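Reader: Before accepting any label on this model, I would like to see each one tied to its criterion. Please take them in turn.

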Amino acid sequence: MSKSHTILYLDGVSVSFDGFRAINNLSLVLDKGEMRAIIGPNGAGKTTMMDIVTGKTRPDEGEVFFDGQIDLTRHDEAEIAMMGIGRKFQKPTVFENHTIEENLMLALKGPRSIFPALFHRRSAAEARQIDDILGIIRLGDKRDQLAANLSHGQKQWLEIGMLLAQDPKLLLVDEPVAGMTDAETEETARLLKEIARDHSVIVVEHDMHFVRELGVKVTCLHEGSVLSEGTLDFVSADERVVEVYLGR
Amino acid sequence: MITGRFFAAGADRRIAITILILLAVAVIVPLLNLAVSPTSGFYVPSYIVALTGKYLCYALLALALDLVWGYCGILSLGHGAFFALGGYAMGMYLMRQIGARGVYGNPILPDFMVFLNYKELPWFWTGFDHFWFAGLMVLAIPGLLAFVFGWFAFRSRVTGVYLSIITQAMTYALLLAFFRNDMGFGGNNGLTDFKDILGFNVQADATRSALFAASAVTLALAVFVTWAIVGSKYGKLLMAVRDAESRTRFLGWRAENVKLFAFTVSAVMAGIAGALYVPQVGIINPGEFEPSNSIEVVIWAAVGGRGTIVGPIIGALLVNAGKSWFTGVLPEFWLFALGGLFVAVTLLLPKGIVGMWDSWRGNAKALRAASLAEEAGIDPVVPPPPQIVRSAATRPGDWSSSSPEPQPAA
């Protein structure tokens, strides 16, 4: 199978923790520019898969390639982030003691070493980028507030905004609508669809309404490998999927 | 948020005031000691000059610790080691200045080496007869140790209590090493009996005043440098690593390098503090590596308020003034008092004196704003802690209506 048109290519990946196989011979291919939703019951290995892609966890075996030719198993978190993979955590993780604007400033694409940061002066271009992102995530009127004062849903958006500031090629978004109201969920689906226009995106989510809203190809994971793949209607009609969700 | 900016301005003003006070003290205290007659009410006795000079060195050490603990969450229990190393570098210079005036009258070897039958000066003492070389070593030795130590510790992602324990082990290992006579640093007696610094008698009032002034000016400079670091983008990053290290990694920052830089800068500051301390107290011995010394520094920073620049300075000055007073009145109870103070601060003033003052001022300001708003006939909405009310708005952009800021009456 050719990797050249893929943004992410996982083949035969396995990893186990203390004998427990969290990921078991997982193969998953994401084309450039594609948005994919990943569903699956708790413990299906969704977050572990993201850990592997972002370099937090090393797979025991299998291939993980980014952008066709970069072997991700040879790089660590910071390197992988610099190559263009952004990750939003399951629990929204922002810098609570900084303002929204400072959060975005730290995420903004640019040199990542100490001395440029020490003598950094904000340029007009950077200010413009921050303004753009604030507009996209709709937090413009809160730019000078501490991130700690945001609601749960707003923190999720801020974190997505920080991903955008990084300007990655691939975004991994873990449960973006957990704890959101219906209105917020709707808005987040719109936001992600907007982002997917010029990025490749993987969204892990439990909320089926939200997944339906996204309207993209769905992969269902179970016990660390792919159980079913296709449109949401196809996947949710799959008997095995129904079985793992409803229990045997 | 307007209040946010106002507080920021307030914090900057506080730094400016602190620097001005330190510079003023650097001029006034020596003047009152040297130029005023001892019978005058304004006369500052020499022992006070020496004592407060010592406190200023402690304050610099506390500030150094605060840079890593308060701003980066690295609780170092071994900062006394960097202080002592800086002190030893200065002590070696002062030993070489004694020349032939020692008890044994040996022009090359310090007394303890003659006593221990050294035939020649150990290689690592070469160069220490030059002040510039010793000054360089004051910066380089603690900085290098911190760099190497931090390089390994942060790269292996040792954090939290484990890091604290290995910093403690580091200072303890150095304590044991410096106690040995054949290390070539004077064993348990350390280095003492100093005569001259840069050709001036270390015992003379004028020299002591000059050392005091140097300590105050250095502390002022350190306050400025720390303020500049903390206010830069790197400083924001430092706090970001403290609050959410994994987030910084996934944004592409190397958290270990961020920590390493702060740790090294902090160690250099601690080394400078030690170098200023030694000529003022006239001795440096392995006791300075004592782990309890490093823990005391943590208490100073905690009492004053970690994560603030002025806090650790206030903490170091207050606790040490208390120590001087207490050990005079009830010497056997000092350690109990210190322990009790730490417990009390942890339980009652988790943000220290300065942090407490800030939140008290913040509340007072909020209450005043609220009562003003009430007079104007607006619902009193108290800014800190702002509660974001989840509105039923359909679009998140409309949430500004639930802003905690009091809105002007229409």
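Reader: Which strands of chain A does H6(A) lie across, and at what angle does H6(A) run to E6(A)?

Author: The model is predicted. In it, H6(A) lies across E6 and E7 of chain A, at about 175 degrees to E6(A). Angles are taken between N-to-C directions on a scale from 0 to 180 degrees, so a value of about 175 degrees means that H6(A) and E6(A) run in opposite directions.

Reader: How do you know that E6(A) and E7(A) pair?

Author: Pairing requires at least two bridges. Four bridges join E6(A) to strand E7 (residues 170-174) of chain A, so the criterion is met. The two strands run parallel, and Gly86(A) is found opposite Leu171(A) of E7(A).

Reader: What makes E6 and E10 of chain A edge strands?

Author: The order in the open sheet is E6-E7-E8-E3-E9-E10 (chain A), with mixed pairing. Strand E6 (85-88) and strand E10 (225-230) each have a single partner strand, so one side of each lacks a neighbour in the sheet. From one strand to the next, the twist averages 20 degrees.

Reader: What makes Leu63(B) and Ala222(B) touch?

Author: Contact means C-beta atoms within 7 Å, so the pair meets that cut-off. Leu63(B) also touches Met269(B) and Ile309(B), among others.

Reader: How many residues are in contact between chains A and B?

Author: On chain A there are 33, in contact with 30 residues of chain B. The chain A side comprises 13 nonpolar, ten polar and ten charged residues.

Key: Residues are numbered from 1 along each chain as its sequence is written. Chains are lettered from A and ligands numbered from 1 in the order in which they are written. This is a predicted model: local features need pLDDT of at least 70, side-chain atom pairs count only at pLDDT 80 or more; totals for chains, interfaces and linings use all residues. Two residues are in contact if their C-beta atoms, placed from the backbone, lie within 7 Å. Ala, Val, Leu, Ile, Met, Phe, Trp, Tyr, Cys and Pro count as nonpolar, Asp, Glu, Lys and Arg as charged, and the others, Gly among them, as polar. Lists of a residue's contacts leave out its neighbours within four places in sequence.
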